[in-house]
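Colleague: I would like a close look at one part of this model, taken slowly and with its surroundings included. Could you go through one helix and the elements it packs against?

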Amino acid sequence: MNEITKDIIKEEIEKAEKRLSAAKLLLSKDLIEDAANRIYYSLFYAAKAMLNAIGYDAKTHAGLISEFGSKIVKEKKADKKMGKILRKSFELRESADYHLNVVIEKDEVEVLIKEAEYFIKEAKKFVNKNI
């Protein structure tokens, strides 16, 4: 793996951590839908870093979720719980961003933040092992 790819992967992990920090700040201000959006993007970047660490690069959100499932979860390179967290965060973000009459509960987002912390911790271990 070349140094440019390694740098990109490190930047993706940093972005994941920053997006999660933003989600926590937004949630503390009761901006629940915006927090849900940032949680998904924190996981998006963490999952992207994991895929890049093993030589894959998804170009779309659906592609990322699909590739994460087939290249990471199905090949038992990470706990299947991570695939479920990624999909759940994507679905919540979609609801928050595109549906007007959806109510997202604060406690649901609080749980997802805890799950995102776990996901990013595991992503960092995975990346460190694979680059």
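Modeller: In this predicted model, H1 passes H2 in a left-handed crossing, and the residues that make up this contact divide into 17 nonpolar, three polar and six charged. Helix H1 covers residues 3-28 and helix H2 covers residues 32-53, and the two pack with their axes 8 Å apart at an angle of about 165 degrees. Since angles over 145 degrees count as roughly antiparallel, H1 and H2 are therefore roughly antiparallel to each other.

H2 itself, the part I would take as the centre of this account, has 22 residues and reaches 32 Å from its first C-alpha to its last, which is close to the 32 Å expected at 1.5 Å a residue. H2 is also mostly covered, with 19 of its 22 residues buried. Just after H2, glycine 55 takes a positive phi of about 95 degrees.

Two residues of H2 show how its contacts reach back to earlier parts of the chain. Tyrosine 45 lies in helix H2 and, at 17% relative accessibility, counts as buried, because the cut-off is under 20%. Leaving aside its neighbours within four places in sequence, tyrosine 45 is in contact with Glu12, Lys15, Ala16 and Arg19. The second residue, asparagine 52, also lies in helix H2, and its 10% relative accessibility means that asparagine 52 counts as buried. When residues up to four places away in sequence are not counted, asparagine 52 touches Met1, Thr5, Ile8, Ile9, Glu12 and Asp57.

H2 also packs against helix H3, which spans residues 61-73, at an angle of about 50 degrees and with the axes 10 Å apart; that angle makes H2 oblique to H3. By class, the contact of H2 with H3 has nine nonpolar, one polar and three charged residues. From the H2 side, Tyr40, Tyr41, Phe44, Ala47, Lys48, Met50 and Leu51 take part, and they meet His61, Leu64, Glu67, Phe68, Lys71 and Ile72 in H3. H2 passes H3 in a left-handed crossing.

To complete the surroundings, one can follow H1 to another of its partners, H5. The axes of H1 and H5 come within 11 Å and cross at roughly 165 degrees, so H1 and H5 are roughly antiparallel to each other. The residues of this contact divide into twelve nonpolar, no polar and six charged. On the H1 side they are Ile9, Ile13, Ala16, Glu17, Leu20, Ala23, Lys24 and Leu27, which meet a set in H5 that includes Val109, Ile113, Ala116, Glu117, Ile120 and Val127. The crossing of H1 and H5 is left-handed.

Ala16 thus appears in two settings, as a contact of tyrosine 45 and as one of the H1 residues that meet H5. Glu117, one of the H5 residues that meet H1, can also be placed relative to H2, for the C-alpha atoms of tyrosine 45 and glutamate 117 are separated by 13 Å although the two residues are 72 residues apart along the chain.

A last residue belongs to H5, where glutamate 115 lies within the helix of residues 106-130. At 18% relative accessibility, glutamate 115 counts as buried, because this value falls under the 20% cut-off. Leaving aside its neighbours within four places in sequence, glutamate 115 is in contact with Ile85 and Lys88.

Key. Residues are numbered from 1 along each chain as its sequence is written. This is a predicted model: local features need pLDDT of at least 70, side-chain atom pairs count only at pLDDT 80 or more; totals for chains, interfaces and linings use all residues. Side-chain values use heavy atoms; hydrogens and water are left out. Axes are lines fitted to C-alpha atoms, for helices over the stretch in contact, and angles run from 0 to 180 degrees between N-to-C directions. Helices (H or I, at least four residues) and strands (E, at least two) are DSSP runs, numbered from the N terminus. Angles under 35 degrees count as roughly parallel, over 145 as roughly antiparallel, 65 to 115 as roughly perpendicular and the rest as oblique. A crossing is left-handed if the near helix is turned anticlockwise from the far one by less than a right angle, and right-handed if clockwise. Ala, Val, Leu, Ile, Met, Phe, Trp, Tyr, Cys and Pro count as nonpolar, Asp, Glu, Lys and Arg as charged, and the others, Gly among them, as polar. The expected span of a helix is 1.5 Å times one less than its number of residues. Buried means under 20% relative accessible area, exposed over 50%, partly exposed in between (1.4 Å probe, protein chains only). Contact means heavy atoms within 4.5 Å.
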